[in-house]
Amino acid sequence: MISESKSADQVFSDKDAFEILADNVFRWGVARNITLEGGATPLSQIKKLKEEVQEIEEGLISGNRKEVVDGIGDSLVVLLMICRLTGIDLVDALRVAYGEIKDRKGKMINGIFVKESDLNNEQTKWIYKGEE
């Protein structure tokens with residue numbers, strides 16, 4: 001494990017800095033033609049996002065904190081590009097996601113939270129059977 005879990009305040013220590021950085025990322029993307037006019041699409045950015053998530057995984061497996069930090073940052077950049085390309089506000093997307101999960105019930109199986117509806121769904125419950 002690279003480090004302990006942190007609280008929301010520790011993870012998101014400077015909210016103003018995030019807004020400034022997001023604006024800088026938007027400007028960076030436009031300057032590099034990561035735009036619809038430049039040929040970028042939300043789907044093309046998904047390929048890049050998968051690469052960055054793999055970098056996080058590799059860093060976690062190897063215990064390389066620098067690689068994990070870089071992969072998380074790069075993933076956020078790509079998510080911001082997807083938001084800009086689709087006109088979706090990242091904070092609104094997070095707000096919607098929290099609204100969906102805040103009352104969700106389920107249980108941890110092999111380190112993964114499995115929502116109750118998946119545990120009780122005939123089509124998906126076989127995936128988790130015997131995995132506790």
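The following paragraphs go through this predicted model from its overall fold to its core, its helix contacts and its surface.

The protein chain contains seven helices and two strands. Read from the N terminus, the order of these elements is α-α-α-α-α-β-β-α-α. The chain has 132 residues, and buried residues make up 18% of them. Its accessible surface is about 10200 Å², with 56% of that belonging to carbon and sulfur atoms. Of the contacts between residues at least 6 apart in sequence, 47% join residues at least 24 apart.

The interior is a reasonable place to begin. In soluble globular proteins, nonpolar side chains tend to be buried together. In this model, the largest nonpolar core consists of seven residues: Ala22, Val25, Ile34, Ala40, Leu80, Met81 and Leu85. Two elements, helix H2 (15–31) and helix H4 (65–86), each give two or more residues to this core. H4 gives the most, with three residues. Leu80 belongs to this core, and, apart from neighbours within four places in sequence, Leu80 is in contact with Ala22, Val25, Phe26 and Leu90.

Helix H4 also holds Ser75. Ser75 has a relative accessible area of 7% and is therefore buried, the cut-off being under 20%. When neighbours within four places in sequence are left aside, the contacts of Ser75 are Leu49, Glu52, Val53 and Ile56.

Another buried polar residue is Glu55, whose relative accessible area is 18%. Glu55 is part of helix H3, which covers residues 42–62. Not counting residues up to four places away in sequence, Glu55 touches Glu67, Asp70, Gly71 and Asp74. Glu55 and Glu67 are twelve residues apart along the chain, and their C-alpha atoms are separated by 6.7 Å. With Gly71 there is a more specific approach: the side chain of Glu55 reaches the Gly71 backbone nitrogen at 3.4 Å.

H4 contributes to the surface as well. Ile72 has its place in this helix, and Ile72 counts as partly exposed at 42% relative accessibility. Together with Leu76 and Leu79, Ile72 makes a nonpolar surface patch of about 220 Å².

The charged side chains come next. The structure holds four salt bridges. One of them joins Arg27 and Asp23, with 2.9 Å from N to O. Both residues lie in helix H2, four residues apart, which is about one turn of the helix. Arg27 is exposed, with a relative accessible area of 56%, whereas Asp23 is partly exposed at 33%.

In helix H3, the side chains of Glu51 and Lys48 meet in a salt bridge with an N to O distance of 3.4 Å. Because Glu51 and Lys48 are three residues apart in this helix, about one helical turn separates them. Glu51 is partly exposed, with a relative accessible area of 42%, and Lys48 is also partly exposed, at 35%. Salt bridges link Lys48, Glu51 and Glu52 in a network. Glu52 is also one of the residues in contact with the buried Ser75.

A further salt bridge is formed by the side chains of Arg95 and Asp92, at 2.7 Å from N to O. These two residues lie in helix H5 (residues 90–101), three residues apart, again about one turn of the helix. Arg95 is exposed, with a relative accessible area of 52%, while Asp92 counts as partly exposed at 39%.

One backbone angle remains to be mentioned. Most residues other than glycine have a negative phi, and most peptide bonds are trans. Asn33 has a phi near 65 degrees, a positive value in a residue other than glycine. Asn33 is located in the loop between H2 and H3, and Asn33 is partly exposed, with a relative accessible area of 44%.

How values were computed: Residues numbered from 1 in each chain as written. Predicted model: local features only at pLDDT ≥ 70, side-chain atom pairs only at ≥ 80, totals over all residues. Heavy atoms only, no water. Core = buried A, V, L, I, M, F, W, Y, C linked by side-chain atoms within 4.5 Å. Buried < 20%, exposed > 50% of the residue type's maximum accessible area, 1.4 Å probe, protein only. Contact = heavy atoms within 4.5 Å. Polar contact = N/O pair within 3.5 Å; in protein donor to acceptor, adjacent residues only side chain to side chain. Patch = residues over 30% accessible without salt bridge, like charges linked within 9 Å, V, L, I, M, F, W, Y side chains within 5 Å. Areas by Shrake-Rupley, 256 points an atom, 1.4 Å probe, with all protein chains shown as cover.
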